[in-house]
Amino acid sequence: MGKSFIDQVHYIRIPVKDLELSAQWYRDILGLQLLNNTEELAILKVNEGPFLLILVPTEDETFAHFTIDNEQEFSIGFTSPELSKFHQHLIDNQVKVEDIKEDNGHAFFHFYDPNGNKLQVHW
C-alpha cells in the first residue's frame with residue numbers, strides 16, 4: 001500500500017465524571033477553546049489546528065490512560081514551548097503535576113485533569 005487513506009488524527013475522546021467542571025478546566029487551565037458544550041459532550045479545539053479533544057461524561061471508572069505493570073501510562077501528549085512556565089501555571093492552579101524530567105535533551109512532565117486522566121506535555 002502506498003499512501004495511507006488516513007489524512008490526520010481529528011479528535012480524541014476523553015472520559016470525564018463531571019462534564020461542566022471538566023469543560024471549564026480544559027478551557028480555563030489549559031487554555032483550549034470551548035467550541036460546543038451539551039449534555040452529551042464538550043468539544044475543545046487546540047489552538048488553530050484541526051485537532052479536537054472531546055469530553056464524554058461517564059459514571060464508569062475509566063480513564064484516557066492505561067497501565068503497564070500497574071503503572072499509569074499516558075495516552076495523550078501535548079507540546080509546549082514554555083514548559084517551565086506551563087508547569088508553574090499548573091502548580092499555581094492546584095493541578096496534580098509531576099516534576100519536569102529530561103530524556104536525551106527532551107524535557108517533559110505528566111499532569112492529571114480533575115478526573116484523574118494522566119496527560120503529558122513535552123518540548
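Asp 69 lies in the loop between β5 (66-68) and β6 (71-73). In this predicted model, the residue has a positive phi of about 50° although it is not a glycine. Asp 69 is also exposed, its relative accessible area being 72%. A second non-glycine residue with a positive phi is Gln 94, for which the angle is about 55°. Gln 94 is located in the loop between α2 (83-92) and β8 (101-103), and with a relative accessible area of 69% it is exposed.

The UniProt record, an unreviewed entry, lists residues 8-123 as "domain: VOC". Over residues 8-123, helix accounts for 17% of the chain and strand for 40%. The C-alpha atoms at the two ends of this range are 21 Å apart.

Helix α1 spans residues 19-28. At its N-terminal end, Asp 18 acts as a cap, with a side-chain oxygen placed 3.2 Å from the backbone nitrogen of Glu 20. The buried residues in this helix are Leu 19, Ser 22, Ala 23, Trp 25 and Tyr 26. They cover an arc of only 160° around the axis and therefore lie on the same side of α1. Such an arrangement follows the geometry of the α-helix, which has 3.6 residues a turn, so residues three or four places apart point the same way. The buried residues of α1 pack against a set of strands: β1 (11-16), β2 (33-37), β3 (42-45), β4 (52-57), β9 and β10 (118-122).

Ser 22 gives a closer view of this packing. The residue belongs to helix α1 and counts as buried because its relative accessibility is 0%, against a cut-off of under 20%. When residues up to four places away in sequence are left aside, Ser 22 touches Val 16, Leu 55 and Asn 115.

Beyond α1, Gly 31 occupies the loop between α1 and β2. Gly 31 is exposed, at a relative accessible area of 54%. Its C-alpha atom is separated by 20 Å from that of Glu 98, a residue 67 places apart from Gly 31 along the chain. Val 46 is found in the loop between β3 and β4. Leaving out residues up to four places away in sequence, Val 46 touches Leu 32 and Phe 51. Between the C-alpha atoms of Val 46 and Glu 102 the separation is 25 Å, and the two residues are 56 apart along the chain.

Helix α2 also has a buried side. Leu 83, Phe 86, His 87 and Leu 90 are the buried residues in this helix. They span an arc of only 105° around the axis, which places them on the same side of α2. The exposed residues Ser 84 and Lys 85 are carried by the face of α2 turned away from that buried side. Strands β9 and β10 are among the elements that cover the buried residues of α2. After the helix comes Gln 94, with its positive phi near 55°.

The structure holds four aromatic pairs. In one of them, Phe 86 and Phe 109 are tilted, with 6.0 Å from centre to centre and 45° between the planes. This pair links distant parts of the chain, since Phe 86 is in helix α2 and Phe 109, 23 residues apart from it, is in strand β9 (residues 106-112). Both Phe 86 and Phe 109 are buried. Phe 86 also pairs with Phe 111 in an edge-to-face arrangement, with a centre-to-centre distance of 5.8 Å and 85° between the planes. Because Phe 86 lies in helix α2 and Phe 111 in strand β9, the pair ties together parts that are 25 residues apart in sequence.

The relative accessibility of Phe 86 is 16%, so this residue counts as buried. Phe 111 is buried as well, with a relative accessible area of 0%. One aromatic cluster is formed by Phe 86, Phe 109 and Phe 111.

A further contact with an aromatic ring involves a charge. The charged end of Lys 96 sits over the ring of Tyr 112, at 4.3 Å from the ring centre.

Key
Residues numbered from 1 in each chain as written. Predicted model: local features only at pLDDT ≥ 70, side-chain atom pairs only at ≥ 80, totals over all residues. Heavy atoms only, no water. Helix = DSSP H or I, 4+ residues; strand = E, 2+ residues; numbered from the N terminus. Buried < 20%, exposed > 50% of the residue type's maximum accessible area, 1.4 Å probe, protein only. Phe/Tyr/Trp six-rings, centres within 6.5 Å; stacked < 30°, edge-to-face > 60°. Lys NZ or Arg CZ within 6 Å of the ring centre and 35° of its normal. Arc of directions from axis to C-beta. Contact = heavy atoms within 4.5 Å. Polar contact = N/O pair within 3.5 Å; in protein donor to acceptor, adjacent residues only side chain to side chain. UniProt positions renumbered as here; feature names shortened; annotations may be inferred.
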